[in-house]
Amino acid sequence: LEYTLNDMIVSKVWVGDVVKVIATFSEAIAEDPVMQIVGSGLQNIDPTAMTRVDDLTYHFVWEVADTVGTQNFTLSTGTDVVGNLVIEAPTSGAEIQVNYREALVSMIRGWNLISLNVTPTESGNLLYLLKPLQSSLVYVFNERFKMLRRRPTGDWSDGVGDWQMTEGYYVKLSGQGEVKIPGKRLKLPIDIDLEKGWNIVP
(Lines give C-alpha, C1' and ligand atoms only; values in the text may rest on other atoms or scores of the structure.)
Protein backbone atom coordinates (compact mmCIF):
# COMPACT_ATOMS: atom_id res chain seq x y z
CA LEU A 1 0.00 0.00 0.00
CA GLU A 2 1.02 3.60 -0.61
CA TYR A 3 -0.44 6.77 0.86
CA THR A 4 -0.76 10.03 -1.09
CA LEU A 5 -1.66 13.52 0.04
CA ASN A 6 -2.23 16.08 -2.71
CA ASP A 7 -0.86 13.49 -5.18
CA MET A 8 2.43 13.18 -3.25
CA ILE A 9 3.48 9.91 -1.60
CA VAL A 10 3.82 10.35 2.18
CA SER A 11 5.26 8.15 4.93
CA LYS A 12 3.06 9.63 7.68
CA VAL A 13 -0.20 11.54 7.78
CA TRP A 14 -1.79 14.14 10.02
CA VAL A 15 -5.03 14.40 11.93
CA GLY A 16 -7.79 15.76 9.71
CA ASP A 17 -6.10 14.92 6.39
CA VAL A 18 -7.92 13.36 3.45
CA VAL A 19 -5.55 10.66 2.19
CA LYS A 20 -5.70 8.38 -0.84
CA VAL A 21 -4.69 4.79 0.01
CA ILE A 22 -3.39 3.09 -3.15
CA ALA A 23 -3.11 -0.68 -3.57
CA THR A 24 -0.89 -1.89 -6.43
CA PHE A 25 -0.87 -5.57 -7.42
CA SER A 26 1.62 -7.70 -9.36
CA GLU A 27 -1.18 -9.63 -11.10
CA ALA A 28 -4.32 -8.36 -12.82
CA ILE A 29 -7.28 -8.24 -10.42
CA ALA A 30 -10.75 -9.44 -11.37
CA GLU A 31 -13.52 -6.84 -11.29
CA ASP A 32 -15.80 -9.25 -9.39
CA PRO A 33 -15.75 -9.75 -6.44
CA VAL A 34 -14.96 -6.11 -5.71
CA MET A 35 -11.67 -5.47 -3.93
CA GLN A 36 -12.30 -4.26 -0.37
CA ILE A 37 -10.15 -2.60 2.28
CA VAL A 38 -10.46 -2.96 6.07
CA GLY A 39 -9.09 -0.55 8.69
CA SER A 40 -8.10 -1.18 12.31
CA GLY A 41 -6.15 0.54 15.05
CA LEU A 42 -7.06 4.21 15.34
CA GLN A 43 -10.11 3.83 13.10
CA ASN A 44 -12.13 0.67 12.66
CA ILE A 45 -13.24 0.72 9.03
CA ASP A 46 -15.62 -2.05 7.97
CA PRO A 47 -14.90 -3.77 4.65
CA THR A 48 -15.31 -1.03 2.05
CA ALA A 49 -15.17 -1.27 -1.72
CA MET A 50 -12.08 0.28 -3.28
CA THR A 51 -12.20 2.26 -6.52
CA ARG A 52 -10.71 0.46 -9.52
CA VAL A 53 -8.14 2.54 -11.43
CA ASP A 54 -6.94 -0.23 -13.77
CA ASP A 55 -6.28 -4.00 -13.66
CA LEU A 56 -3.38 -3.56 -11.20
CA THR A 57 -4.39 -0.52 -9.15
CA TYR A 58 -7.16 0.34 -6.70
CA HIS A 59 -7.57 3.23 -4.31
CA PHE A 60 -9.58 4.23 -1.24
CA VAL A 61 -10.14 7.77 0.11
CA TRP A 62 -9.46 7.85 3.85
CA GLU A 63 -10.55 10.74 6.09
CA VAL A 64 -8.12 10.65 9.02
CA ALA A 65 -9.77 10.86 12.45
CA ASP A 66 -8.94 13.31 15.25
CA THR A 67 -6.53 11.06 17.13
CA VAL A 68 -2.89 10.03 16.87
CA GLY A 69 -1.17 6.65 16.73
CA THR A 70 -0.91 3.73 14.28
CA GLN A 71 -3.51 2.93 11.63
CA ASN A 72 -3.57 -0.54 10.01
CA PHE A 73 -5.09 -1.67 6.72
CA THR A 74 -5.73 -5.11 5.20
CA LEU A 75 -7.44 -6.21 1.97
CA SER A 76 -10.32 -8.63 1.51
CA THR A 77 -12.58 -10.39 -1.03
CA GLY A 78 -10.45 -9.64 -4.11
CA THR A 79 -9.13 -12.26 -6.51
CA ASP A 80 -6.85 -12.21 -9.51
CA VAL A 81 -8.26 -12.97 -12.95
CA VAL A 82 -7.74 -16.74 -12.51
CA GLY A 83 -9.52 -16.81 -9.14
CA ASN A 84 -6.65 -16.80 -6.65
CA LEU A 85 -7.56 -14.92 -3.46
CA VAL A 86 -5.65 -11.75 -2.67
CA ILE A 87 -3.47 -12.09 0.45
CA GLU A 88 -5.05 -9.94 3.16
CA ALA A 89 -1.80 -8.49 4.53
CA PRO A 90 -0.13 -6.12 2.04
CA THR A 91 3.56 -6.84 1.35
CA SER A 92 4.32 -3.25 2.43
CA GLY A 93 2.49 -0.24 3.82
CA ALA A 94 0.08 -2.18 6.03
CA GLU A 95 0.42 0.46 8.76
CA ILE A 96 1.02 4.19 8.89
CA GLN A 97 1.56 6.71 11.69
CA VAL A 98 -0.93 9.52 12.33
CA ASN A 99 0.43 12.64 14.02
CA TYR A 100 -0.68 16.11 14.93
CA ARG A 101 0.56 18.87 12.68
CA GLU A 102 3.12 21.24 14.18
CA ALA A 103 3.15 24.94 13.47
CA LEU A 104 6.62 26.46 13.74
CA VAL A 105 6.43 30.15 14.64
CA SER A 106 9.79 31.94 14.33
CA MET A 107 10.10 35.48 15.65
CA ILE A 108 12.74 38.19 15.61
CA ARG A 109 13.83 40.60 18.32
CA GLY A 110 11.32 43.43 18.43
CA TRP A 111 7.80 43.39 17.01
CA ASN A 112 6.27 40.40 15.21
CA LEU A 113 2.84 39.85 13.66
CA ILE A 114 1.81 36.19 14.00
CA SER A 115 -1.08 33.79 13.43
CA LEU A 116 -1.55 29.99 13.30
CA ASN A 117 -2.63 27.48 10.65
CA VAL A 118 -3.59 24.82 13.22
CA THR A 119 -6.01 24.51 16.11
CA PRO A 120 -3.86 23.83 19.22
CA THR A 121 -4.40 20.37 20.68
CA GLU A 122 -3.40 21.45 24.18
CA SER A 123 -4.44 24.63 25.96
CA GLY A 124 -5.43 27.46 23.65
CA ASN A 125 -4.30 30.04 26.20
CA LEU A 126 -1.88 32.41 24.50
CA LEU A 127 0.47 32.67 27.48
CA TYR A 128 0.65 28.86 27.65
CA LEU A 129 1.34 28.55 23.90
CA LEU A 130 4.17 31.09 24.11
CA LYS A 131 5.65 29.53 27.26
CA PRO A 132 9.02 28.66 25.59
CA LEU A 133 9.44 32.38 24.84
CA GLN A 134 8.38 33.82 28.19
CA SER A 135 11.92 34.81 29.19
CA SER A 136 12.04 37.22 26.22
CA LEU A 137 8.33 38.02 25.94
CA VAL A 138 7.62 41.73 26.44
CA TYR A 139 4.10 42.39 25.12
CA VAL A 140 1.28 40.77 23.17
CA PHE A 141 -1.58 42.79 21.67
CA ASN A 142 -4.72 41.53 20.00
CA GLU A 143 -6.80 43.49 17.47
CA ARG A 144 -8.74 45.22 20.27
CA PHE A 145 -5.40 46.34 21.76
CA LYS A 146 -5.90 44.21 24.85
CA MET A 147 -2.50 43.37 26.31
CA LEU A 148 -0.57 40.44 27.72
CA ARG A 149 2.46 41.65 29.69
CA ARG A 150 4.65 40.86 32.66
CA ARG A 151 4.01 42.92 35.78
CA PRO A 152 6.93 44.40 37.77
CA THR A 153 6.19 41.75 40.41
CA GLY A 154 7.08 39.03 37.86
CA ASP A 155 3.61 37.58 37.32
CA TRP A 156 1.54 38.12 34.18
CA SER A 157 -1.34 40.45 33.39
CA ASP A 158 -3.37 38.61 30.74
CA GLY A 159 -5.92 40.72 28.92
CA VAL A 160 -5.80 38.52 25.81
CA GLY A 161 -6.82 35.05 27.01
CA ASP A 162 -7.25 32.25 24.49
CA TRP A 163 -5.85 32.26 20.98
CA GLN A 164 -8.55 33.06 18.40
CA MET A 165 -8.10 31.35 15.03
CA THR A 166 -9.71 34.30 13.25
CA GLU A 167 -7.20 36.83 14.59
CA GLY A 168 -3.53 37.73 14.34
CA TYR A 169 -1.38 39.06 17.20
CA TYR A 170 1.40 41.57 17.70
CA VAL A 171 4.20 40.06 19.79
CA LYS A 172 7.24 41.97 21.05
CA LEU A 173 10.34 40.01 22.12
CA SER A 174 13.58 41.15 23.71
CA GLY A 175 15.40 38.47 21.68
CA GLN A 176 14.67 36.19 18.76
CA GLY A 177 13.09 32.79 19.29
CA GLU A 178 10.67 30.20 18.01
CA VAL A 179 7.88 28.04 19.33
CA LYS A 180 6.40 24.78 18.03
CA ILE A 181 2.66 24.36 18.49
CA PRO A 182 1.05 20.95 17.79
CA GLY A 183 -2.47 21.06 16.47
CA LYS A 184 -5.15 19.95 14.07
CA ARG A 185 -5.29 21.37 10.56
CA LEU A 186 -7.77 24.21 10.20
CA LYS A 187 -10.85 23.29 8.23
CA LEU A 188 -11.32 25.80 5.44
CA PRO A 189 -13.07 28.00 4.59
CA ILE A 190 -13.19 30.01 7.81
CA ASP A 191 -15.65 32.86 8.39
CA ILE A 192 -13.93 35.94 9.82
CA ASP A 193 -16.13 38.65 11.31
CA LEU A 194 -14.68 42.12 10.74
CA GLU A 195 -15.53 44.78 13.30
CA LYS A 196 -15.59 48.53 12.93
CA GLY A 197 -12.08 49.85 13.48
CA TRP A 198 -8.87 47.85 13.41
CA ASN A 199 -8.83 44.14 12.55
CA ILE A 200 -5.82 41.80 12.32
CA VAL A 201 -6.68 39.13 9.76
CA PRO A 202 -4.53 35.94 9.76
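**Aromatic pairs, sheets and the largest pocket**

Phe141 counts as buried, because its relative accessibility is 18% and the buried class covers values under 20% relative accessible area, with exposed residues over 50% and partly exposed ones in between (1.4 Å probe, protein chains only). The structure is a predicted model, in which local features need pLDDT of at least 70 and side-chain atom pairs count only at pLDDT 80 or more, whereas totals for chains, interfaces and linings use all residues. Residues are numbered from 1 along each chain as its sequence is written, and side-chain values use heavy atoms, with hydrogens and water left out.

Aromatic contacts were examined across the whole structure, and the search returned 9 aromatic pairs, a pair being two rings of Phe, Tyr or Trp (its six-membered ring) with centres within 6.5 Å, stacked if the planes are under 30 degrees apart, edge-to-face if over 60 and tilted otherwise. One of these pairs is formed by Tyr3 and Phe73, which are tilted, with 6.2 Å from centre to centre and 40 degrees between the planes. This pair connects distant parts of the chain, since Tyr3 lies in strand S1 and Phe73 in strand S9 (residues 69-76), 70 residues apart; strands are DSSP runs of E of at least two residues, numbered from the N terminus. Tyr3 is buried, at 4% relative accessibility, and Phe73 is likewise buried, at 1%. Trp111 and Phe141 make a tilted pair too, because their ring centres are 5.9 Å apart and their planes stand at 35 degrees. Here again distant parts of the chain are linked, with Trp111 in strand S12 (residues 110-114) and Phe141 in strand S14 (residues 137-141), 30 residues apart. In this second pair Phe141 is buried, whereas Trp111 is partly exposed, with a relative accessible area of 43%. Tyr3 and Phe73 also belong, together with Phe60 and Trp62, to one aromatic cluster.

Strand S1, which carries Tyr3, takes part in an open sheet of 5 strands, arranged in the order S2-S1-S4-S8-S7 with antiparallel pairing; two strands are taken as paired if DSSP finds at least two bridges between them. At the edges of this sheet are strand S2 (8-9) and strand S7 (51-54), each of which pairs on one side only. Strand S1 (residues 2-5) is joined to S2 by 2 bridges, the two strands running antiparallel, and within this pairing Leu5 stands opposite Met8 of S2.

At the other end of the strand order, S7 pairs with strand S8 (residues 57-63) in the antiparallel sense over 3 bridges, and the hairpin that joins S7 to S8 passes through 2 residues. Between S4 and S8, which also run antiparallel, there are 7 bridges. His59 of S8 figures in both pairings, as the bridge partner of Thr51 and as the residue that Ile22 stands opposite. In a regular strand, side chains point alternately to the two faces of the sheet. Strand S8 is mostly covered, with 5 of its 7 residues buried.

Strand S4 (residues 18-24) is in addition the element that gives the most to the lining of the largest pocket, contributing 3 residues. This pocket holds about 390 Å³ of space, where a pocket is an open set of points on a 1 Å grid over the protein atoms alone, reached by a 1.4 Å probe, with protein on both sides within 12 Å along at least five of seven lines, and lining residues have an atom within 4 Å of a point. Of the 19 residues that line the largest pocket, those closest to its centre are Thr24, Phe25, Ser26, Val86 and Thr91. The lining divides into 11 nonpolar, 5 polar and 3 charged residues, with Asp, Glu, Lys and Arg as charged, Ala, Val, Leu, Ile, Met, Phe, Trp, Tyr, Cys and Pro as nonpolar and the others, Gly among them, as polar.

A further open sheet comprises 3 strands in the order S11-S18-S13, again with antiparallel pairing. Strand S11 (101-107) and strand S13 (118-120) each have a single partner strand, so one side of each is left without a neighbour in the sheet. Strand S11 and strand S18 (residues 177-185) pair over 7 bridges in the antiparallel sense, and Leu104 stands opposite Lys180 of S18. Val179 has its place in strand S18 and is buried, with a relative accessible area of 2%. From C-alpha to C-alpha, Val179 and Asp7 are 30 Å apart in space, and in sequence they are 172 residues apart.

Note on methods. Helix = DSSP H or I, 4+ residues; strand = E, 2+ residues; numbered from the N terminus. Points joined across faces, edges and corners; volume = space filled by probe spheres on them.
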